[in-house]
Amino acid sequence: MIDILKKQKAANGIEDADIVLKGGNIINVFTEEIVKADVAIVGKTIVGIGNYSGNLEIDCTGKYIMPGFIDAHMHLESTMVMPNELSKVILKFGTTTLIADPHEMVNVKGEAALDFLIDAVEQSPVNIYIMIPSSVPATEFETNGAGDFLAQNMVRYKENPRILGLGEVMCFRDVVKSKKHILDKLNLFEGKIVDGHAPGLSGKELQCYRLSGIDNDHEITTTDEVIEKMRAGFYILIREGSGARNLNEIIGGILSNGLPFERCMFCTDDKHLDDIEREGHINYNVKKAIEIGVSPIKAIKMATYYPSLAYGLKDYGAIAAGYAADIIVSKDLKDMDIDCVLKDGHIVNGEYLDSLKHVTPNKELLNTVYFEDITEDKLKVELREKNDIIGLMKNQLTTKHIVENIPGKNNVFIPNDEYSKLCVVERHGKTHNVSAAPLKGFGIKSAAIATTVAHDSHNIIAAGDNDRDIIKAVNHLKQIQGGYVIVSGGKVIDALQLRVAGLISELDSDTVKNKVKDMVKLARSMGIKEGIDPFLTLSFLALPVIPEIRLTDKGLIDVNSGKIIG
């Protein structure tokens, strides 16, 4: 540990700093100025801004120096790799801090999963902070593996320095109905940050939700929702991930209504590695915001200073003495073309990334898929005068509740080019439930896709246009103990194994990224169009806290009414 005296000597110019970034254009998030100066670093800390000498000097003339980016809300499990493997991908895009809600793994394996992840993130070079999952399970309308994760289970985690507060409160209807189980959790985390999740909540119910201690929301999709929630005092988390892309609408609405950005920040929520590799991470959100019309410094502050203030990360989010040496050097302020990244005062290069340790999962997280092989009789959907249908929406996680005639024979639904069959299979060995429903807008032809990634209880979810392929895909997931599967003509065409809780791979990030990229391309060749992510969109169709209609192992759920309808 470097003592304060050495840092002070470097700050005073008495001794050389370890590293000096020379002559760059510093983004000052306090004054919103661009200041040409040197940045002096000793160990993990910025010790001074001005004119300095260092043991290593990096010429930053004509370049821009800004704080490392912060993803204000995401799920590690959605990247399908271990934290160190994720670090290798996102560090080169300038993301140095993540605020993660691990409710995916906790739904599967409870405290064992949470303990594992807390240990795993300690070994990650990226600062990974954790929000304790608040809604496990999310509702009573699904079966998870862990059972209820209650306030008494959370007590031992509350004072851990990695824990910032309570994760997204998806059971928003339980909050406004004053249900004891969620009020106990809110009381436990009083005084800490509490993340929200309340799509479409409005009026007095929204006021009650805010009154109960909820600080923010990332499930905002319309301008009206932005305005109402901002007026109510919520922080606005602007999401741009793989399945949900809300940035254009939200930023456009803020700009057109002359609203401030001071309570806004960026997040990805769920973003696949191949999308990160192709587009970028939080730097992509910053770039898009600038393209829409946000000033570069405001856009940078939404990725740095504003989330650091909101989550109490006082040593991050700025280029100034005493702040962590998590730094981005960019060639410009338009394209966010990143030239260099420093993490804790280390230059992020191949040697640095190769030095990261491999994380080995606990054995109890490796065998979590238990169910009886499914057969055609379990997948039947009876024809009604008109059937309830899940309608997909491009680039959105929300769905449309459609009621109309569907194709069939002998009073049984038969999929076609317009209507696919969606099914959910309970995979935790508890109920053996199997449910099925018609799905409109998925577009898959002569094939089926199945996965154990199905938010948030992570039962098996599958979609296809014929029962034979659906059955083959679902049953194959038991053989590989979780993952992604594509089947066509009764044969497994491709698969990605995710043995860790059925959600995370033990493989390196490049292998997972390339496999997912190939599988997405294959799925698109089978009819799934752009705007519908073949796997992420599918994985959210079992989450009964996002309107309007979902399918869980217990049946078809009308989210707006909170009732099982089929």
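Helix H11, at residues 282-292 of this predicted model, is mostly covered, with 8 of its 11 residues buried. The buried members are Ile-282, Asn-283, Tyr-284, Asn-285, Val-286, Lys-288, Ala-289 and Ile-290. An α-helix has 3.6 residues a turn, so residues three or four places apart point the same way. Readers can trace this on the structure by following Ile-282, Val-286 and Ile-290, which are among the buried residues of H11. Just after the helix comes Gly-293, with a positive phi of about 135 degrees.

Helix H8 makes a good companion to this example. H8 covers residues 223-231, and its buried residues are Thr-223, Glu-225, Val-226, Ile-227, Lys-229 and Met-230. What do the buried residues of H8 pack against? Their partners include three strands and two helices by name: strands S11 (216-217), S12 (235-239) and S13 (264-267), together with helices H7 (203-211) and H9 (247-256). After H8 comes Gly-233, and here too phi is positive, near 100 degrees.

It helps to step back and look at the whole chain. The protein chain contains 17 helices and 29 strands. Its C-alpha trace spans about 85 × 50 × 45 Å along the principal axes. For 566 residues, a compact globule would have a radius of gyration near 24 Å, and the chain agrees with this because its own value is 24 Å. Buried residues account for 63% of the 566. Of the contacts between residues at least 6 apart in sequence, 69% join residues at least 24 apart. The accessible surface comes to about 20,800 Å², and carbon and sulfur atoms hold 47% of it. As for charge, the chain has 64 positive and 79 negative charges, and the mean positions of the two groups are 2 Å apart.

Two annotated domains can be located along the chain. An unreviewed UniProt entry places the feature "domain: Amidohydrolase-related" at residues 64-348. That span is 37% helix and 20% strand, and its end C-alpha atoms lie 17 Å apart. The unreviewed UniProt entry also places "domain: Adenine deaminase C-terminal" at residues 396-561. Over residues 396-561 the chain is 21% helix and 32% strand, with 20 Å between the end C-alpha atoms.

Some details of the backbone deserve a closer look. Most residues other than glycine have a negative phi, and most peptide bonds are trans. Against that background, the bond from Val-136 to Pro-137 is cis, with omega near -5 degrees. Pro-137 sits in the loop between strand S8 (127-132) and helix H4 (151-154). Another cis peptide bond joins His-455 and Asp-456, where omega is about -5 degrees. Asp-456 belongs to the loop between strand S23 (448-451) and strand S24 (460-464), and His-455 is likewise found between S23 and S24.

Is His-455 buried or exposed? His-455 counts as buried because its relative accessibility is 1%, and the cut-off for buried is under 20%. Leaving aside residues up to four places away in sequence, His-455 touches Ser-78, Glu-104, Asp-270, Leu-536, Ser-539, Phe-540, Ala-542 and Leu-543.

Positive phi values also turn up in residues other than glycine. Met-336 has a phi near 50 degrees and lies in the loop between S14 and strand S15 (338-343). With a relative accessible area of 3%, Met-336 is buried. Gln-481 has a phi near 60 degrees, and its place is the loop between helix H15 (467-480) and strand S25 (483-488). Gln-481 is buried as well, with a relative accessible area of 12%.

A final loop residue to find is Ala-324, between helix H13 (305-310) and strand S14 (327-330). Ala-324 counts as buried because its relative accessibility is 12%. Which residues does Ala-324 touch, not counting residues up to four places away in sequence? The contacts are Lys-44, Ile-46, Asp-315 and Tyr-316. By C-alpha atoms, Ala-324 is 31 Å from Glu-506 in space, and 182 residues separate the pair in sequence.

How values were computed
Residues are numbered from 1 along each chain as its sequence is written. This is a predicted model: local features need pLDDT of at least 70, side-chain atom pairs count only at pLDDT 80 or more; totals for chains, interfaces and linings use all residues. Side-chain values use heavy atoms; hydrogens and water are left out. Helices (H or I, at least four residues) and strands (E, at least two) are DSSP runs, numbered from the N terminus. The radius of gyration is taken over C-alpha atoms; the globule rule is 2.2 Å times the number of residues to the power 0.38. Buried means under 20% relative accessible area, exposed over 50%, partly exposed in between (1.4 Å probe, protein chains only). Contact means heavy atoms within 4.5 Å. Accessible areas come from the Shrake-Rupley method with a 1.4 Å probe; for residues, only the protein chains shown count as cover. Lys and Arg count as positive and Asp and Glu as negative; His and the chain ends are not counted. The place of a charge is taken as NZ of Lys, CZ of Arg, CG of Asp or CD of Glu. UniProt positions are given in the numbering used here, feature names are shortened, and annotations may be inferred rather than shown by experiment.
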